[in-house]
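Open the model in your viewer and keep the selection panel handy. We will start with the whole chain and then move in on a few residues.

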Amino acid sequence: MQYTSTRDGQQAVLSSKCLLQGISQDGGLFVPVDFPAVSLEEIAQMQKESYGERAYRILSKYLTDLPEDVLKACIEKAYTKGKFSTPKIAPVRNINDNESVLELWHGPTLAFKDMALQIMPHILVAAKAQEGEKHDILILVATSGDTGKAALEGYANVEGVKIIVFYPNDGVSHMQKLQMTTQEGNNVAVYAVNGNFDDAQTGVKRIFTDAAIINELLAQNVKLSSANSINWGRLVPQIVYYFSAYADLCNSNTIKLGDKINYVIPTGNFGNILAAYYAKQMGLPINKLICASNMNNVLTEFIQTGTYNANRTFYKTISPSMDILISSNLERLLFELYERDATKVNALMANLKEKGSYAIDSEMVSKLNRTFYGGYASEEQTFKTIKDIYDKYGYVMDTHTAVAQSVYDEYLSKTNDKTHTVVVSTASPYKFPSDVVQAIDKVKMPESEAMKVLMRMGCIMPEQLMGLQDKTIRFKEACNKEDMPKVVLSFIK
Ligand SMILES: *Cc1c(COP(=O)(O)O)cnc(C)c1O
(Lines give C-alpha, C1' and ligand atoms only; values in the text may rest on other atoms or scores of the structure.)
Protein backbone atom coordinates (compact mmCIF):
# COMPACT_ATOMS: atom_id res chain seq x y z
CA MET A 1 0.00 0.00 0.00
CA GLN A 2 1.28 3.42 -0.98
CA TYR A 3 0.46 6.74 0.65
CA THR A 4 0.11 10.15 -0.85
CA SER A 5 -0.30 13.66 0.59
CA THR A 6 -3.54 15.64 0.80
CA ARG A 7 -1.61 18.60 -0.63
CA ASP A 8 0.36 16.80 -3.33
CA GLY A 9 -1.46 13.91 -4.98
CA GLN A 10 1.70 12.94 -6.91
CA GLN A 11 3.63 11.78 -3.85
CA ALA A 12 3.80 8.06 -3.12
CA VAL A 13 5.56 6.58 -0.08
CA LEU A 14 5.28 3.34 1.89
CA SER A 15 3.61 3.15 5.30
CA SER A 16 6.89 2.96 7.28
CA LYS A 17 7.94 6.28 5.85
CA CYS A 18 4.68 8.06 6.61
CA LEU A 19 4.66 6.66 10.15
CA LEU A 20 8.19 7.94 10.76
CA GLN A 21 7.63 11.31 9.17
CA GLY A 22 4.19 11.96 10.70
CA ILE A 23 3.26 14.81 8.38
CA SER A 24 4.18 15.37 4.74
CA GLN A 25 6.87 17.97 3.92
CA ASP A 26 4.32 20.01 1.98
CA GLY A 27 2.28 20.43 5.18
CA GLY A 28 -0.33 17.91 4.02
CA LEU A 29 -1.46 14.71 5.69
CA PHE A 30 -0.65 11.21 4.49
CA VAL A 31 -3.54 9.18 3.09
CA PRO A 32 -3.62 5.71 1.51
CA VAL A 33 -3.84 5.75 -2.30
CA ASP A 34 -6.95 3.57 -2.06
CA PHE A 35 -9.11 1.79 0.51
CA PRO A 36 -8.67 -1.98 0.67
CA ALA A 37 -12.01 -3.80 0.48
CA VAL A 38 -13.34 -5.96 3.30
CA SER A 39 -16.12 -8.32 2.17
CA LEU A 40 -19.05 -9.53 4.26
CA GLU A 41 -17.45 -13.01 4.20
CA GLU A 42 -14.38 -11.55 5.84
CA ILE A 43 -16.52 -9.81 8.47
CA ALA A 44 -18.22 -13.19 9.07
CA GLN A 45 -14.78 -14.67 9.76
CA MET A 46 -14.02 -11.84 12.14
CA GLN A 47 -17.02 -12.86 14.22
CA LYS A 48 -15.12 -15.89 15.48
CA GLU A 49 -11.90 -14.03 16.12
CA SER A 50 -10.23 -12.23 19.01
CA TYR A 51 -9.67 -8.47 18.91
CA GLY A 52 -6.00 -9.07 18.04
CA GLU A 53 -6.90 -11.29 15.08
CA ARG A 54 -9.40 -8.72 13.84
CA ALA A 55 -6.71 -6.06 14.20
CA TYR A 56 -4.30 -8.12 12.11
CA ARG A 57 -6.84 -8.39 9.29
CA ILE A 58 -7.27 -4.63 9.07
CA LEU A 59 -3.73 -3.46 9.83
CA SER A 60 -2.07 -5.91 7.43
CA LYS A 61 -4.04 -4.36 4.56
CA TYR A 62 -2.47 -0.98 5.27
CA LEU A 63 0.96 -1.62 6.80
CA THR A 64 1.95 -3.84 3.91
CA ASP A 65 5.67 -3.20 4.22
CA LEU A 66 5.91 -4.67 7.74
CA PRO A 67 6.66 -8.42 7.89
CA GLU A 68 3.76 -10.57 9.13
CA ASP A 69 5.52 -11.80 12.29
CA VAL A 70 6.61 -8.27 13.21
CA LEU A 71 3.09 -6.86 12.87
CA LYS A 72 1.64 -9.78 14.83
CA ALA A 73 4.15 -9.16 17.62
CA CYS A 74 3.15 -5.47 17.76
CA ILE A 75 -0.52 -6.43 18.09
CA GLU A 76 0.24 -8.95 20.79
CA LYS A 77 2.20 -6.43 22.88
CA ALA A 78 -0.58 -3.84 22.61
CA TYR A 79 -3.91 -5.60 22.95
CA THR A 80 -3.23 -7.86 25.92
CA LYS A 81 -4.67 -8.49 29.32
CA GLY A 82 -1.89 -6.66 31.13
CA LYS A 83 -2.73 -3.44 29.29
CA PHE A 84 -6.50 -3.69 28.92
CA SER A 85 -8.83 -4.63 31.74
CA THR A 86 -11.03 -6.84 29.52
CA PRO A 87 -10.01 -9.53 27.00
CA LYS A 88 -12.64 -8.13 24.62
CA ILE A 89 -10.45 -4.96 24.48
CA ALA A 90 -13.31 -2.86 23.02
CA PRO A 91 -16.57 -4.35 24.36
CA VAL A 92 -20.04 -3.46 23.07
CA ARG A 93 -22.89 -3.04 25.56
CA ASN A 94 -26.49 -3.05 24.50
CA ILE A 95 -28.43 -0.19 26.06
CA ASN A 96 -31.79 -1.02 24.48
CA ASP A 97 -33.04 -2.76 21.30
CA ASN A 98 -32.03 0.16 19.16
CA GLU A 99 -28.83 1.35 20.77
CA SER A 100 -25.47 -0.01 21.89
CA VAL A 101 -22.40 1.62 23.39
CA LEU A 102 -18.88 0.80 22.20
CA GLU A 103 -16.58 1.21 25.20
CA LEU A 104 -13.12 2.33 24.10
CA TRP A 105 -11.74 3.08 27.54
CA HIS A 106 -10.52 -0.15 29.07
CA GLY A 107 -6.85 0.66 28.38
CA PRO A 108 -4.18 2.02 30.74
CA THR A 109 -5.32 5.68 30.69
CA LEU A 110 -9.08 5.03 30.65
CA ALA A 111 -9.70 6.84 27.36
CA PHE A 112 -10.07 5.83 23.72
CA LYS A 113 -6.65 7.16 22.72
CA ASP A 114 -5.11 4.03 24.23
CA MET A 115 -6.69 2.03 21.40
CA ALA A 116 -4.15 3.57 19.03
CA LEU A 117 -1.36 4.71 21.31
CA GLN A 118 -0.76 1.32 22.87
CA ILE A 119 0.19 -0.11 19.47
CA MET A 120 1.64 2.92 17.72
CA PRO A 121 5.06 2.92 19.49
CA HIS A 122 5.60 -0.70 18.51
CA ILE A 123 4.74 -0.13 14.86
CA LEU A 124 6.95 2.94 14.86
CA VAL A 125 9.92 0.92 16.11
CA ALA A 126 9.12 -1.72 13.44
CA ALA A 127 8.92 1.01 10.77
CA LYS A 128 12.27 2.35 11.93
CA ALA A 129 13.90 -1.06 11.49
CA GLN A 130 12.17 -1.48 8.12
CA GLU A 131 13.52 1.84 6.84
CA GLY A 132 17.01 1.25 8.30
CA GLU A 133 16.53 4.47 10.23
CA LYS A 134 19.53 5.17 12.49
CA HIS A 135 18.36 8.49 13.95
CA ASP A 136 16.55 8.64 17.25
CA ILE A 137 12.90 9.60 16.86
CA LEU A 138 11.49 12.55 18.79
CA ILE A 139 7.73 12.42 19.22
CA LEU A 140 6.06 15.83 19.70
CA VAL A 141 2.52 15.84 21.04
CA ALA A 142 0.03 18.65 21.49
CA THR A 143 -2.76 17.44 23.74
CA SER A 144 -6.13 18.62 24.94
CA GLY A 145 -5.73 16.15 27.79
CA ASP A 146 -6.11 12.49 27.00
CA THR A 147 -3.62 12.10 24.16
CA GLY A 148 -0.78 13.35 26.33
CA LYS A 149 -1.07 10.69 28.97
CA ALA A 150 -1.88 7.95 26.48
CA ALA A 151 1.18 8.83 24.38
CA LEU A 152 3.44 9.06 27.44
CA GLU A 153 2.16 5.69 28.62
CA GLY A 154 2.72 4.16 25.18
CA TYR A 155 6.18 5.60 24.52
CA ALA A 156 7.79 5.64 27.99
CA ASN A 157 11.11 3.79 27.91
CA VAL A 158 10.74 2.68 24.29
CA GLU A 159 14.29 2.30 22.92
CA GLY A 160 15.43 4.86 20.33
CA VAL A 161 12.45 7.15 20.88
CA LYS A 162 11.96 10.32 22.96
CA ILE A 163 8.72 12.13 23.63
CA ILE A 164 7.72 15.70 24.59
CA VAL A 165 4.10 16.51 25.48
CA PHE A 166 2.66 20.07 25.40
CA TYR A 167 -0.72 20.69 27.06
CA PRO A 168 -2.73 23.93 27.41
CA ASN A 169 -2.07 25.30 30.87
CA ASP A 170 -5.69 25.65 31.93
CA GLY A 171 -7.32 23.36 29.42
CA VAL A 172 -7.07 19.98 31.15
CA SER A 173 -8.65 18.50 34.27
CA HIS A 174 -6.80 18.23 37.55
CA MET A 175 -6.67 14.46 37.14
CA GLN A 176 -5.33 14.70 33.59
CA LYS A 177 -2.63 17.14 34.65
CA LEU A 178 -1.64 14.88 37.50
CA GLN A 179 -1.51 11.86 35.22
CA MET A 180 0.86 13.63 32.83
CA THR A 181 3.11 15.51 35.22
CA THR A 182 3.81 12.38 37.28
CA GLN A 183 4.76 10.29 34.22
CA GLU A 184 7.74 8.01 34.73
CA GLY A 185 10.32 7.09 32.11
CA ASN A 186 13.82 8.23 31.10
CA ASN A 187 12.82 9.50 27.63
CA VAL A 188 9.85 11.76 28.44
CA ALA A 189 9.19 15.48 29.07
CA VAL A 190 5.94 17.37 29.75
CA TYR A 191 5.31 21.14 29.41
CA ALA A 192 2.33 23.39 29.97
CA VAL A 193 1.76 25.96 27.18
CA ASN A 194 0.25 29.34 28.10
CA GLY A 195 -2.80 29.28 25.84
CA ASN A 196 -5.45 26.85 24.62
CA PHE A 197 -5.20 23.57 22.72
CA ASP A 198 -5.07 25.26 19.33
CA ASP A 199 -2.04 27.29 20.48
CA ALA A 200 -0.26 24.11 21.51
CA GLN A 201 -1.21 22.32 18.29
CA THR A 202 -0.23 25.24 16.07
CA GLY A 203 3.12 25.45 17.90
CA VAL A 204 3.82 21.76 17.28
CA LYS A 205 2.76 21.95 13.63
CA ARG A 206 5.07 24.90 13.11
CA ILE A 207 8.07 22.99 14.45
CA PHE A 208 7.35 20.15 12.01
CA THR A 209 7.69 22.44 9.00
CA ASP A 210 10.54 24.65 10.27
CA ALA A 211 13.66 23.71 8.31
CA ALA A 212 16.04 25.42 10.76
CA ILE A 213 14.83 23.37 13.73
CA ILE A 214 14.70 20.17 11.70
CA ASN A 215 18.34 20.65 10.70
CA GLU A 216 19.45 21.48 14.20
CA LEU A 217 17.79 18.29 15.45
CA LEU A 218 19.36 16.23 12.66
CA ALA A 219 22.76 17.46 13.81
CA GLN A 220 21.90 15.88 17.17
CA ASN A 221 20.97 12.59 15.42
CA VAL A 222 17.24 13.21 15.98
CA LYS A 223 14.30 13.11 13.57
CA LEU A 224 10.82 14.39 14.38
CA SER A 225 7.62 12.41 14.36
CA SER A 226 4.16 12.98 15.77
CA ALA A 227 1.74 10.93 17.86
CA ASN A 228 -1.19 13.26 17.18
CA SER A 229 -4.05 11.92 15.14
CA ILE A 230 -2.53 13.54 12.07
CA ASN A 231 -0.09 10.59 12.10
CA TRP A 232 -1.31 7.65 10.04
CA GLY A 233 -0.09 5.34 12.82
CA ARG A 234 -2.74 6.85 15.10
CA LEU A 235 -5.57 6.58 12.63
CA VAL A 236 -5.16 3.11 11.23
CA PRO A 237 -5.61 1.20 14.54
CA GLN A 238 -8.85 3.13 15.06
CA ILE A 239 -10.43 1.57 11.98
CA VAL A 240 -10.24 -1.83 13.68
CA TYR A 241 -12.83 -1.28 16.42
CA TYR A 242 -15.51 -0.19 13.99
CA PHE A 243 -15.26 -3.60 12.33
CA SER A 244 -14.87 -5.35 15.68
CA ALA A 245 -18.05 -3.79 17.11
CA TYR A 246 -19.97 -4.73 13.97
CA ALA A 247 -18.80 -8.36 14.29
CA ASP A 248 -19.83 -8.38 17.97
CA LEU A 249 -23.30 -7.02 17.12
CA CYS A 250 -23.70 -9.88 14.63
CA ASN A 251 -22.55 -12.32 17.30
CA SER A 252 -25.14 -11.10 19.79
CA ASN A 253 -27.84 -11.29 17.07
CA THR A 254 -28.48 -7.59 17.54
CA ILE A 255 -28.07 -7.19 13.78
CA LYS A 256 -27.77 -9.56 10.81
CA LEU A 257 -24.62 -9.64 8.70
CA GLY A 258 -25.05 -7.00 6.00
CA ASP A 259 -27.42 -4.77 8.00
CA LYS A 260 -26.41 -1.14 8.14
CA ILE A 261 -25.69 0.59 11.44
CA ASN A 262 -25.11 4.18 12.55
CA TYR A 263 -22.17 5.32 14.63
CA VAL A 264 -22.36 8.42 16.83
CA ILE A 265 -18.91 9.80 17.57
CA PRO A 266 -17.96 12.51 20.07
CA THR A 267 -15.59 14.54 17.96
CA GLY A 268 -12.71 16.97 18.44
CA ASN A 269 -9.84 16.65 16.01
CA PHE A 270 -11.96 14.52 13.63
CA GLY A 271 -9.65 11.49 13.97
CA ASN A 272 -12.02 8.97 15.49
CA ILE A 273 -14.89 9.74 13.14
CA LEU A 274 -12.57 9.77 10.13
CA ALA A 275 -11.51 6.21 10.99
CA ALA A 276 -15.21 5.26 10.91
CA TYR A 277 -15.53 6.91 7.51
CA TYR A 278 -12.54 4.90 6.27
CA ALA A 279 -14.20 1.72 7.60
CA LYS A 280 -17.26 2.62 5.54
CA GLN A 281 -15.09 3.18 2.45
CA MET A 282 -13.65 -0.31 3.01
CA GLY A 283 -17.10 -1.85 2.92
CA LEU A 284 -18.38 -1.85 6.50
CA PRO A 285 -22.17 -1.46 6.27
CA ILE A 286 -22.62 2.02 7.75
CA ASN A 287 -25.67 4.19 7.20
CA LYS A 288 -24.95 7.48 9.00
CA LEU A 289 -21.94 8.83 10.82
CA ILE A 290 -23.23 11.23 13.43
CA CYS A 291 -20.66 13.84 14.38
CA ALA A 292 -21.25 15.11 17.92
CA SER A 293 -19.67 18.33 19.19
CA ASN A 294 -19.90 20.32 22.39
CA MET A 295 -20.34 24.12 22.50
CA ASN A 296 -17.27 24.38 20.25
CA ASN A 297 -19.60 23.48 17.41
CA VAL A 298 -17.46 24.44 14.43
CA LEU A 299 -18.02 20.99 12.88
CA THR A 300 -21.79 21.09 13.36
CA GLU A 301 -21.92 24.31 11.41
CA PHE A 302 -19.61 22.91 8.75
CA ILE A 303 -21.71 19.78 8.21
CA GLN A 304 -24.95 21.76 8.18
CA THR A 305 -23.87 24.73 6.05
CA GLY A 306 -20.54 23.93 4.38
CA THR A 307 -18.81 26.84 6.10
CA TYR A 308 -15.91 26.08 8.38
CA ASN A 309 -15.29 29.09 10.57
CA ALA A 310 -12.79 28.91 13.41
CA ASN A 311 -13.27 32.63 14.21
CA ARG A 312 -15.60 32.14 17.14
CA THR A 313 -15.60 32.10 20.90
CA PHE A 314 -13.58 29.28 22.36
CA TYR A 315 -15.46 27.57 25.20
CA LYS A 316 -13.94 25.52 27.98
CA THR A 317 -16.46 22.77 28.53
CA ILE A 318 -17.00 19.70 30.70
CA SER A 319 -15.90 17.62 27.70
CA PRO A 320 -12.43 19.21 27.38
CA SER A 321 -10.99 16.65 24.95
CA MET A 322 -13.40 18.05 22.37
CA ASP A 323 -12.58 21.72 22.99
CA ILE A 324 -11.06 22.21 19.57
CA LEU A 325 -11.68 24.78 16.84
CA ILE A 326 -9.27 23.49 14.23
CA SER A 327 -10.00 19.86 13.48
CA SER A 328 -6.88 18.79 11.60
CA ASN A 329 -8.16 15.51 10.25
CA LEU A 330 -11.01 17.17 8.40
CA GLU A 331 -8.41 17.86 5.72
CA ARG A 332 -8.35 14.14 4.95
CA LEU A 333 -12.13 14.09 4.50
CA LEU A 334 -11.98 17.11 2.18
CA PHE A 335 -9.42 15.25 0.08
CA GLU A 336 -11.95 12.41 -0.41
CA LEU A 337 -14.94 14.73 -0.90
CA TYR A 338 -13.10 16.52 -3.70
CA GLU A 339 -12.12 13.20 -5.25
CA ARG A 340 -8.47 13.59 -4.29
CA ASP A 341 -7.97 17.02 -5.78
CA ALA A 342 -4.91 18.27 -3.86
CA THR A 343 -5.12 21.69 -5.53
CA LYS A 344 -8.58 22.20 -4.05
CA VAL A 345 -7.41 21.07 -0.59
CA ASN A 346 -4.45 23.46 -0.80
CA ALA A 347 -6.79 26.35 -1.58
CA LEU A 348 -9.13 25.55 1.31
CA MET A 349 -6.27 25.12 3.76
CA ALA A 350 -4.71 28.39 2.61
CA ASN A 351 -8.02 30.10 3.41
CA LEU A 352 -8.10 28.46 6.81
CA LYS A 353 -4.58 29.67 7.55
CA GLU A 354 -5.14 33.21 6.31
CA LYS A 355 -8.72 33.90 7.36
CA GLY A 356 -9.51 31.12 9.81
CA SER A 357 -12.36 29.97 7.60
CA TYR A 358 -13.33 28.37 4.31
CA ALA A 359 -16.48 27.21 2.56
CA ILE A 360 -17.34 24.30 0.30
CA ASP A 361 -20.05 24.62 -2.35
CA SER A 362 -23.62 23.37 -1.92
CA GLU A 363 -23.07 20.31 -4.10
CA MET A 364 -20.32 19.21 -1.72
CA VAL A 365 -22.55 19.88 1.27
CA SER A 366 -25.17 17.46 -0.09
CA LYS A 367 -22.47 14.91 -0.78
CA LEU A 368 -21.20 15.34 2.80
CA ASN A 369 -24.72 15.01 4.21
CA ARG A 370 -25.30 11.69 2.50
CA THR A 371 -22.99 10.18 5.12
CA PHE A 372 -22.60 12.73 7.89
CA TYR A 373 -25.06 14.28 10.32
CA GLY A 374 -23.75 17.02 12.61
CA GLY A 375 -25.12 18.13 15.95
CA TYR A 376 -23.94 19.57 19.26
CA ALA A 377 -24.86 19.53 22.91
CA SER A 378 -24.88 22.40 25.39
CA GLU A 379 -23.44 21.92 28.86
CA GLU A 380 -26.97 21.62 30.35
CA GLN A 381 -27.96 19.01 27.75
CA THR A 382 -24.80 17.05 28.53
CA PHE A 383 -25.50 17.07 32.28
CA LYS A 384 -29.14 16.14 31.71
CA THR A 385 -28.24 13.27 29.39
CA ILE A 386 -25.89 11.70 31.95
CA LYS A 387 -28.71 11.75 34.48
CA ASP A 388 -31.39 10.50 32.06
CA ILE A 389 -29.30 7.53 30.91
CA TYR A 390 -28.39 6.64 34.49
CA ASP A 391 -32.02 6.87 35.64
CA LYS A 392 -33.33 4.85 32.69
CA TYR A 393 -30.67 2.18 32.30
CA GLY A 394 -28.39 2.39 35.36
CA TYR A 395 -25.53 3.09 32.96
CA VAL A 396 -23.00 5.81 33.83
CA MET A 397 -21.60 7.80 30.91
CA ASP A 398 -18.70 10.22 30.97
CA THR A 399 -19.20 13.78 29.71
CA HIS A 400 -17.81 13.15 26.20
CA THR A 401 -19.99 10.10 25.65
CA ALA A 402 -22.98 12.07 26.94
CA VAL A 403 -22.42 14.70 24.25
CA ALA A 404 -22.72 11.91 21.68
CA GLN A 405 -25.80 10.48 23.39
CA SER A 406 -27.47 13.89 23.47
CA VAL A 407 -26.84 14.46 19.76
CA TYR A 408 -28.15 10.97 19.01
CA ASP A 409 -31.37 11.69 20.97
CA GLU A 410 -31.84 14.84 18.89
CA TYR A 411 -31.09 12.93 15.65
CA LEU A 412 -33.61 10.26 16.58
CA SER A 413 -36.40 12.69 17.31
CA LYS A 414 -35.71 14.61 14.09
CA THR A 415 -35.36 11.65 11.72
CA ASN A 416 -37.04 8.71 13.43
CA ASP A 417 -34.25 6.61 11.85
CA LYS A 418 -34.65 3.07 13.25
CA THR A 419 -31.19 1.88 12.13
CA HIS A 420 -29.34 0.21 15.00
CA THR A 421 -27.00 2.83 16.41
CA VAL A 422 -23.73 2.54 18.27
CA VAL A 423 -22.74 5.42 20.52
CA VAL A 424 -18.97 5.50 20.77
CA SER A 425 -17.91 5.93 24.39
CA THR A 426 -14.51 7.58 24.58
CA ALA A 427 -13.74 7.90 28.28
CA SER A 428 -14.41 6.15 31.55
CA PRO A 429 -16.64 8.12 33.95
CA TYR A 430 -13.68 7.95 36.37
CA LYS A 431 -11.79 10.32 34.12
CA PHE A 432 -14.22 13.18 34.81
CA PRO A 433 -15.80 12.09 38.11
CA SER A 434 -16.86 15.48 39.56
CA ASP A 435 -18.93 16.45 36.52
CA VAL A 436 -20.49 13.01 36.17
CA VAL A 437 -21.54 12.91 39.82
CA GLN A 438 -22.79 16.49 39.67
CA ALA A 439 -24.99 15.52 36.73
CA ILE A 440 -26.59 12.64 38.62
CA ASP A 441 -26.64 13.85 42.23
CA LYS A 442 -26.71 17.64 41.66
CA VAL A 443 -23.84 18.18 44.08
CA LYS A 444 -20.39 19.37 43.15
CA MET A 445 -17.61 17.55 44.99
CA PRO A 446 -13.85 17.08 44.66
CA GLU A 447 -12.66 14.30 42.35
CA SER A 448 -11.54 11.96 45.11
CA GLU A 449 -14.95 12.05 46.78
CA ALA A 450 -16.82 11.86 43.50
CA MET A 451 -14.93 8.66 42.72
CA LYS A 452 -16.30 7.07 45.88
CA VAL A 453 -19.81 8.00 44.77
CA LEU A 454 -19.15 6.39 41.38
CA MET A 455 -18.10 3.22 43.19
CA ARG A 456 -21.40 3.24 45.10
CA MET A 457 -23.24 3.62 41.78
CA GLY A 458 -21.70 0.33 40.72
CA CYS A 459 -18.84 1.58 38.53
CA ILE A 460 -15.71 -0.45 39.12
CA MET A 461 -12.76 1.71 40.28
CA PRO A 462 -9.96 1.36 37.70
CA GLU A 463 -6.66 0.24 39.14
CA GLN A 464 -4.84 2.82 37.02
CA LEU A 465 -6.15 5.67 39.18
CA MET A 466 -5.28 4.28 42.58
CA GLY A 467 -2.33 5.99 44.22
CA LEU A 468 -2.13 8.80 41.65
CA GLN A 469 -2.43 11.49 44.35
CA ASP A 470 0.69 10.20 46.10
CA LYS A 471 2.97 10.18 43.05
CA THR A 472 5.81 12.69 42.69
CA ILE A 473 5.22 15.54 40.23
CA ARG A 474 8.20 15.51 37.86
CA PHE A 475 7.22 18.24 35.37
CA LYS A 476 6.26 21.73 36.55
CA GLU A 477 7.40 24.09 33.76
CA ALA A 478 5.19 26.25 31.55
CA CYS A 479 6.24 28.01 28.33
CA ASN A 480 4.81 30.41 25.74
CA LYS A 481 3.84 29.20 22.28
CA GLU A 482 6.82 31.08 20.76
CA ASP A 483 9.26 29.29 23.06
CA MET A 484 8.27 25.77 22.07
CA PRO A 485 11.17 25.34 19.60
CA LYS A 486 13.64 26.38 22.30
CA VAL A 487 12.13 23.90 24.73
CA VAL A 488 12.47 21.10 22.20
CA LEU A 489 16.11 21.87 21.42
CA SER A 490 17.09 22.12 25.08
CA PHE A 491 15.47 18.74 25.86
CA ILE A 492 17.53 17.12 23.11
CA LYS A 493 20.79 18.70 24.28
C1 LIG B 1 -9.65 12.77 21.93
C2 LIG B 1 -10.97 12.55 22.49
C3 LIG B 1 -12.13 12.79 21.74
C4 LIG B 1 -12.09 13.37 20.35
O5 LIG B 1 -11.56 12.49 19.41
P6 LIG B 1 -11.02 13.04 18.00
O7 LIG B 1 -10.39 11.87 17.35
O8 LIG B 1 -10.03 14.11 18.33
O9 LIG B 1 -12.18 13.57 17.27
C10 LIG B 1 -13.35 12.52 22.33
N11 LIG B 1 -13.43 12.06 23.60
C12 LIG B 1 -12.35 11.81 24.34
C13 LIG B 1 -12.51 11.32 25.73
C14 LIG B 1 -11.08 12.03 23.81
O15 LIG B 1 -10.01 11.80 24.55
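How many helices and strands does the chain have? Switch to a cartoon view of this predicted model and you can trace 21 helices and 16 strands.

**The whole chain**

Stay zoomed out for a moment. Along its principal axes, the C-alpha trace spans about 60 × 50 × 50 Å. A compact globule of 493 residues would have a radius of gyration near 23 Å, and the chain's 21 Å agrees with that. Now colour by accessibility: buried residues make up 61% of the 493 residues. On the surface, the chain exposes about 18500 Å², with carbon and sulfur atoms supplying 47% of that area. If you like contact maps, take the contacts with a separation of 6 or more: residues 24 or more positions apart account for 75% of them.

**First stop: aromatic pairs**

Next, show the side chains of Phe, Tyr and Trp. A search of the whole structure turns up 16 aromatic pairs. Select Phe166 and Tyr191, a stacked pair with 6.0 Å from centre to centre and 25° between the planes. Phe166 belongs to strand β7 (residues 161–168) and Tyr191 to strand β8 (residues 188–193), so this pair ties together parts that are 25 residues apart in sequence. Is Phe166 buried or exposed? Phe166 is buried, at a relative accessible area of 0%, and Tyr191 is buried too, at 12%.

Then move to Phe302 and Tyr358. Here the arrangement is edge-to-face, with 6.1 Å centre to centre and 70° between the planes. The pair links distant parts of the chain, with Phe302 in helix α13 (residues 298–305) and Tyr358 in strand β13 (residues 357–359), 56 residues apart. Phe302 counts as buried at 1% relative accessibility, and Tyr358 is buried with a relative accessible area of 4%.

For a bigger selection, pick Tyr3, Phe35, Tyr62, Trp232, Phe270, Tyr277, Tyr278 and Phe372 together: ring pairs link these residues into a cluster.

**Second stop: a charge over a ring**

Select Lys72 and Tyr56. What sits over the ring of Tyr56? The charged end of Lys72 does, 4.7 Å from the ring centre.

**Third stop: both ends of α10**

Go to helix α10 (residues 211–219) and look at its start, where a side-chain oxygen of Asp210 comes within 2.9 Å of the backbone nitrogen of Ala212. Now travel to the other end: just after α10 you meet Asn221, with a positive phi of about 65°. Why is that worth a look? Most residues other than glycine have a negative phi. Asn221 lies in the loop between α10 and β9 (222–226). Asn221 counts as partly exposed, at 36% relative accessibility.

**Last stop: another positive phi**

Finally, select Asn253. Its phi is near 60°, a positive value in a residue other than glycine. Where is Asn253 found? Look in the loop between α11 (232–251) and β10 (261–266). With a relative accessible area of 67%, Asn253 is exposed because that value is over the 50% cut-off.

Methods. Residues numbered from 1 in each chain as written. Predicted model: local features only at pLDDT ≥ 70, side-chain atom pairs only at ≥ 80, totals over all residues. Heavy atoms only, no water. Phe/Tyr/Trp six-rings, centres within 6.5 Å; stacked < 30°, edge-to-face > 60°. Helix = DSSP H or I, 4+ residues; strand = E, 2+ residues; numbered from the N terminus. Buried < 20%, exposed > 50% of the residue type's maximum accessible area, 1.4 Å probe, protein only. Lys NZ or Arg CZ within 6 Å of the ring centre and 35° of its normal. Polar contact = N/O pair within 3.5 Å; in protein donor to acceptor, adjacent residues only side chain to side chain. Rg over C-alpha atoms; globule rule 2.2 N^0.38 Å. Contact = heavy atoms within 4.5 Å. Areas by Shrake-Rupley, 256 points an atom, 1.4 Å probe, with all protein chains shown as cover.
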